[in-house]
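Trainee: I would like to go through a protein model with you, one question at a time. Please show it first.

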Amino acid sequence: MIRRLCTAMLPLLLAACFQSENPHFERSVLVQPADLLGQRLNIDDAPSSIAYDLFRRDKNDGVIWVTDRKGAETTHNQVIPLAGPDSFLFVMNTDEETVQYAVLERLKSRAWGMSTIELSRETPFADQNVAYARSIAARHGLSLHVGDGTTIESPLTADAVLALFRDPEFLGALSMQRSTILLAPGARAAPGEELRLDPDSMPPALVGVNLQPGSLGTLGAPAKPEGLAGRYLQANPYHEDGLLPTTVRLLDTGQFEVSTKDSRRVLLSLFPFNEAEGQYLAIKDLEYADEDNPSHAVSIEYVVRTSDGWIFQSVTVQECVARSAIVAMHRDLMNRAALRHGLTWNGSDLSGLKSIGQLAALFGDGQFTSGLTVDDEHVERLFSRESIQSKLLDE
């Protein structure tokens, strides 16, 4: 049984990997895509990091990967069709006993993309996401050990592992992050210019989880966490002029009104998520102060109590860099989960909402939340005035 740290290896460095003992796949399931073979430009994380790679056939129907990237080794790997004609499971042999898994995809302009895969654990939804993935693995007679990475454990057979990765529900439970772009040999940048990548090879923009304005109706009694109402100083990534004075009031409706001097008015309808740990989810109705053409944006926020105030982060769709068949599976699985709870999902918007209870149930469903994360780059913080005063006194 393998329970060890994933190793940094190959031209693709895996910080948190999927691995298992070598299941010894039959040669009959392996392919050697002709348009992958030959020389490639390897772009690791950014266009400024470029190496030259060579892919060639080996005698066991696998693919040998040779690179000039410093510290990377020549490796023998296996390529197995996964979902549709352009998606493949890339099996990397770390040693004779261990393999690691990634997703290899054929992109436009004769480019290929390599994505690391892992369970979406770095989110507030980690526990239910892992439980969901484990339930799928159990259907195939497998178990998952989750630590720094994820290990598929015995009883292990090649047929079971392949069936697991070809299971649409399991693919939907995975988080994929593009780490390497393999460009065609003719891709060159002009002197002094950055190498341009085709749109399919670039990470997608963040997509929030939204609700249609005006469709909320009567949602029932929202959560009213003690201590949220009050006066704060807000640190907002979109506001560059220091801390923003902010007031939070509890309304008779049970909603919280958040107002600032820049005339933004926000209504929050909170519902418990992990209330014991001070974690909530909220329907955020943001009103833009335009007298001639007032508008609203309604989204889902993750709200956390801290020692000095509160943190607000947008709930977003996982940056699923996979294209074609895999992304279609992902969206379908999330919509099927939404339908179970009387809602519909189109990839960015939820509709059909009638109660807070619907949302609480949906966001407790690993099939839906495995496709979600929170925006760690644009975090709003509310600092209590007392905590600011205390920090100033300490200094």
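The questions below concern a predicted model, and they run from the whole chain to single residues.

Trainee: How many helices and strands are there in the protein?
Mentor: The model is predicted, and local features are taken where pLDDT is at least 70. On that footing, the protein has 7 helices and 23 strands.

Trainee: What percentage of the residues in the protein are buried?
Mentor: A residue is buried when its relative accessible area is under 20%. The protein has 395 residues, and the buried share of them is 52%.

Trainee: Of the contacts between residues at least 6 apart in sequence, what share join residues at least 24 apart?
Mentor: Contacts in the protein between residues at least 6 apart in sequence form the base of this count. The share that joins residues at least 24 apart is 60%.

Trainee: How much of the exposed area do carbon and sulfur atoms supply?
Mentor: The area that the protein exposes is about 18500 Å². The part supplied by carbon and sulfur atoms is 49%.

Trainee: What is the volume of the largest cavity?
Mentor: With a threshold of 30 Å³ or more, the count is 1 cavity. The largest cavity has a volume of about 140 Å³.

Trainee: Which elements give two or more residues to the lining of the largest cavity?
Mentor: The lining of the largest cavity includes Val258, Thr260, Val266, Leu268, Glu380 and Leu382. The elements that give two or more residues to it are β15 (256–260), β16 (265–274) and β23.

Trainee: How many charged residues does the lining of the largest cavity have?
Mentor: Arg264, Lys284 and Glu380 are among the lining residues. By class, the lining has 5 nonpolar and 2 polar residues, and the number of charged ones is 3.

Trainee: Is Lys284 buried or exposed?
Mentor: Lys284 is one of the residues that line the largest cavity. Its relative accessible area is 11%. The cut-off for the buried class is under 20%, so Lys284 is buried.

Trainee: Which residue forms a salt bridge with Lys284?
Mentor: Side chains of opposite charge can pair when their charged atoms come close. For Lys284, the closest N and O atoms of the pair are 3.9 Å apart, and the partner is Glu301.

Trainee: How many residues apart in sequence are the parts that Lys284 and Glu301 tie together?
Mentor: Glu301 is buried, at 3% relative accessibility. Lys284 lies in strand β17 (residues 279–288) and Glu301 in strand β18 (residues 295–306), so the distance in sequence between the parts they tie together is 17 residues.

Trainee: Where in the chain is Arg106, the salt-bridge partner of Asp35?
Mentor: Among the 12 salt bridges of the structure, the one between the side chains of Asp35 and Arg106 has an N to O distance of 2.7 Å. Asp35 is in the loop between β1 (18–21) and β2 (38–44), 71 residues from its partner, and Arg106 is in strand β7 (residues 98–106).

Trainee: In the salt bridge of Arg249 and Glu257, which side chain belongs to a buried residue?
Mentor: The two side chains meet at 2.6 Å, N to O. Arg249 is partly exposed, at 43% relative accessibility. The relative accessible area of the other partner is 9%, so the buried residue is Glu257.

Trainee: Why is helix α2 largely enclosed by the rest of the structure?
Mentor: Helix α2 covers residues 158–165. Its buried residues are Ala158, Ala160, Val161, Leu162, Leu164 and Phe165. The helix is largely enclosed because the buried part of its 8 residues comes to 6.

Trainee: What is the phi of His24?
Mentor: His24 sits in the loop between β1 and β2, and counts as exposed at 55% relative accessibility. His24 is not a glycine, yet its phi is positive, at about 55 degrees.

Trainee: Where is Asp61, which has a positive phi?
Mentor: Asp61 is not a glycine and has a phi of about 70 degrees. At 27% relative accessibility, Asp61 is partly exposed. Asp61 lies in the loop between β3 (50–57) and β4 (63–67).

Trainee: Which residues does Ser384 contact, leaving aside its neighbours within four places in sequence?
Mentor: Ser384 belongs to strand β23 (residues 380–384) and is buried, at 17% relative accessible area. With those neighbours left aside, Ser384 is in contact with Arg231, Tyr232, Asp308 and Gly309.

Conventions
Residues numbered from 1 in each chain as written. Predicted model: local features only at pLDDT ≥ 70, side-chain atom pairs only at ≥ 80, totals over all residues. Heavy atoms only, no water. Helix = DSSP H or I, 4+ residues; strand = E, 2+ residues; numbered from the N terminus. Buried < 20%, exposed > 50% of the residue type's maximum accessible area, 1.4 Å probe, protein only. Contact = heavy atoms within 4.5 Å. Areas by Shrake-Rupley, 256 points an atom, 1.4 Å probe, with all protein chains shown as cover. 1 Å grid on protein atoms, 1.4 Å probe; cavity = no way out; pocket = protein on both sides within 12 Å on 5 of 7 lines; lining within 4 Å. Points joined across faces, edges and corners; volume = space filled by probe spheres on them. Nonpolar A, V, L, I, M, F, W, Y, C, P; charged D, E, K, R; others polar. Salt bridge = Lys/Arg side-chain N within 4 Å of Asp/Glu carboxyl O.
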